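Colleague: Got a minute to walk me through this model? I'd like to go from the overall picture down to single residues.

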Amino acid sequence: MRPFFFVFALLFFCALSLPAQQKGTFRKLTNAEKNLTVYEKDPSAHAVVLYERGNNYFKVVNRHIRLIKEYHVKIKILDEKGFDHGTVEIPLYHNNALAEKVTALKAVTHNGNTQYNVLPSEIFENDHSERWRVKTFTFPKMQKGSILEYSYTITTPYDFNFNGWDFQGSIPKIYSEFNAKIPGNWVYNRSLRGSLELDVNDAHIQKGCFTIEGYPKAADCEVLKYTMKDIPAFKEEKEFMLSPENYRSRLDFELSQYNKLDGTTNKYTKSWKDVDREFRSDKDIGRQLAKKGFFERHVPEKLLIEGDELTRAKSIFEFVQQHYTWNEQYSSYGKARVKEAFDTGKGNAWEINMSLINLLNAANIPTNLMLLSTRKKGLPTKIHPVMSNFNYVVAKTEIDGKSYLLDATDKYMPFGFLPFRALNHYGRVMDFKNDSYWYDIKPQTKNRYQVRAQIKFNPEENKAVGVFDAVSTGYNAINMHKTLNEKSEEEYLDSVEEEISGNFAITSYELVKQRTDKQGVSQRFKFEIEDVLNGDMAYVNPFFIRFFDKNPFQLEERNYPIDFGHPRKYRYQIILTIPDGYVIQELPENKSIALGDTLATLKFYSTGNTSQISFSFELSLNSSYFNEKDYQALKSLFNEAVDIQKNSLVVLKKKTAQP
């Protein structure tokens, strides 16, 4: 019987639920549901979840425990844009002979008092990947005002099938309910993500709730019920945010401890000391980081001995960058082979950066592995080790009292920079000689895009000629290097011209190589602009290059932080030479705005005399992270920045001829 109970324990790792009180009967609609035309709490919503409930429990089938998952939902379509929610996909996992199955699938479109069923012939199942199949159907006869209702049951042998409950989704929900029934032998860590609070948070003990044939003693259970009402939609702004999983309101469970019926205990939540000990002996981590001898035999000896520590570290870093081609795979804990990766010159992020760590240690530069999560995956929890939180590794070293984080997967990355995908606040440094520890990721601060320009007008030919220097530093330089490498010079210059409005043409271009390296790119452009002076009054916008065509922040409100990844600075300076026969009639208004003391600033100044006009624009985002309470102020700041670039007109007036 022991293997039987071992399977049982694993299945409960995911979380258990039992039927809640019946609150939504299939095919039964209330008058309020039928008559709803606009969701007043979010008038912009195209659809709204009227009701959803999960009803999960375990059932013994032929001496095997199976997790039974029942789901029921009703969705109101408020306009045609809500039709996207009329196609449903149910993912199903399978492995060899074990497969998840869907039964009791019912789906109906309610149009007033008329109902249209989804027929069995309209339900399709297709392979999505090697291990996943997807059952799909689309509701028939959808129209504005339809209520889409469906329910189904999944029977699964897999414990990982259940990974929590999403209270918040892409559309608002009026009511969402989650129930759980957990035998007292199991102790769970549970956490509620996001900023929303539960309306019902109920837990009580039920005596003798679960029995299994052959075991006389029944387990007591903790019975849980969680609900939320009036849940706002989670609205993503794809720019300047970390993974939505950090902020979307959901309930997570994680098994901490299993107290067996024989009195012994299995602990599933480990301490970092446990993880440190396992890492030292693990063949995929500890052993992969103990390959100094292999690398010493396969790289030039001078690479490891010539120069001081910083010189050697930079040489090794560049060697690894050039030797490997990243296969764009992150890999994960437990899957890395550095020797094979070195021999082929290709590898995932773990293999490349663990090779870098081996080489730095071979050069007597003490270096540790740092575990982290990429921006798209989410922030790892600091409460206790959850190894599935981590999907990336970098190298952490210290030279002459200064710490460096290194990632050799990107051939354009300067020494001491991390790729943008890895700028995710913090990671865990695995110091095998001491204890592991959390370490904050501090992005490079000198990331600037600066344009300096001069323009002269030729009234006789009705055109302007000029020159501008574009200087990119830090992450801006990295992105520019990639652009210049991916495009021919002609393609690149065409793209620059396309981004500039008006009759703008580049007449010559130079990459200023003496002022260009990995951390900086300097370019010089000469150009002409046709049709700039017409009539007695000339209206000139000095911003022929704009950093933002529109405000990237468009939400009415944002309930999660703004994360730029790294600080940014945009600077634009231009001198206009006033053409003969013209005088200044009007200059744009000067502006200076600050968010907080120094978090973000916007400055715009113009000065003029009889011969020329000077303009200076600077937008400084001095922090990479802004709290959600700063959203409206930041949105307003960007509105001003966009407005300045689009609408700052200089009015030049033709002089009146003297009698």
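What follows is a short back-and-forth about this predicted model.

Colleague: Let's start broad. How many helices and strands does the chain have?

Modeller: The chain runs to 659 residues, and 50% of them count as buried. Its C-alpha atoms fill a box of roughly 115 × 75 × 45 Å along the principal axes. As for secondary structure, the chain comes to eleven helices and 36 strands.

Colleague: And what share of the contacts with a separation of 6 or more joins residues 24 or more positions apart?

Modeller: Here a contact means heavy atoms within 4.5 Å. Taking those with a separation of 6 or more, the share from residues 24 or more positions apart is 73%.

Colleague: Which cysteines form the disulfide?

Modeller: There's one disulfide in the structure. The cut-off is 2.5 Å between cysteine sulfur atoms, and this pair has its sulfurs 1.3 Å apart. Both partners are buried, and they are C209 and C221.

Colleague: Where do those two cysteines sit, and how many residues apart are they?

Modeller: The disulfide of C209 and C221 links distant parts of the chain. C209 belongs to strand 13 (residues 200-210) and C221 to strand 14 (residues 219-231), which puts them twelve residues apart.

Colleague: On to helix 6. Which of its residues are buried?

Modeller: Helix 6 covers residues 309-323, and its 15 residues reach 21 Å from first C-alpha to last, close to the 21 Å expected. In an α-helix, residues three or four places apart point the same way, because there are 3.6 residues a turn. The buried ones in helix 6 are R312, A313, I316, F317, V320 and Q321.

Colleague: What covers them?

Modeller: Two helices are included in the cover of the buried residues of helix 6, namely helix 5 (302-305) and helix 8 (349-362). The cover also includes strand 20 (392-399) and strand 21 (402-406).

Colleague: In the largest nonpolar core, which residues touch the most other members?

Modeller: That core has 64 residues, and its largest share, seven residues, comes from helix 11 (residues 631-647). A second, separate core of 54 residues includes V275, L405, L406 and F415. Back in the largest core, the residues touching the most other members are F468, F544, F617 and L634.

Colleague: Take F544, then. Which residues is it in contact with?

Modeller: Let's leave aside neighbours within four places in sequence. One partner of F544 is F468, which is itself among the residues touching the most other core members. The full list for F544 is A453, I455, F468, I500, F504, F527, Y572 and I574.

Definitions and conventions:
Residues numbered from 1 in each chain as written. Predicted model: local features only at pLDDT ≥ 70, side-chain atom pairs only at ≥ 80, totals over all residues. Heavy atoms only, no water. Helix = DSSP H or I, 4+ residues; strand = E, 2+ residues; numbered from the N terminus. Buried < 20%, exposed > 50% of the residue type's maximum accessible area, 1.4 Å probe, protein only. Expected span 1.5 Å × (residues − 1). Core = buried A, V, L, I, M, F, W, Y, C linked by side-chain atoms within 4.5 Å.
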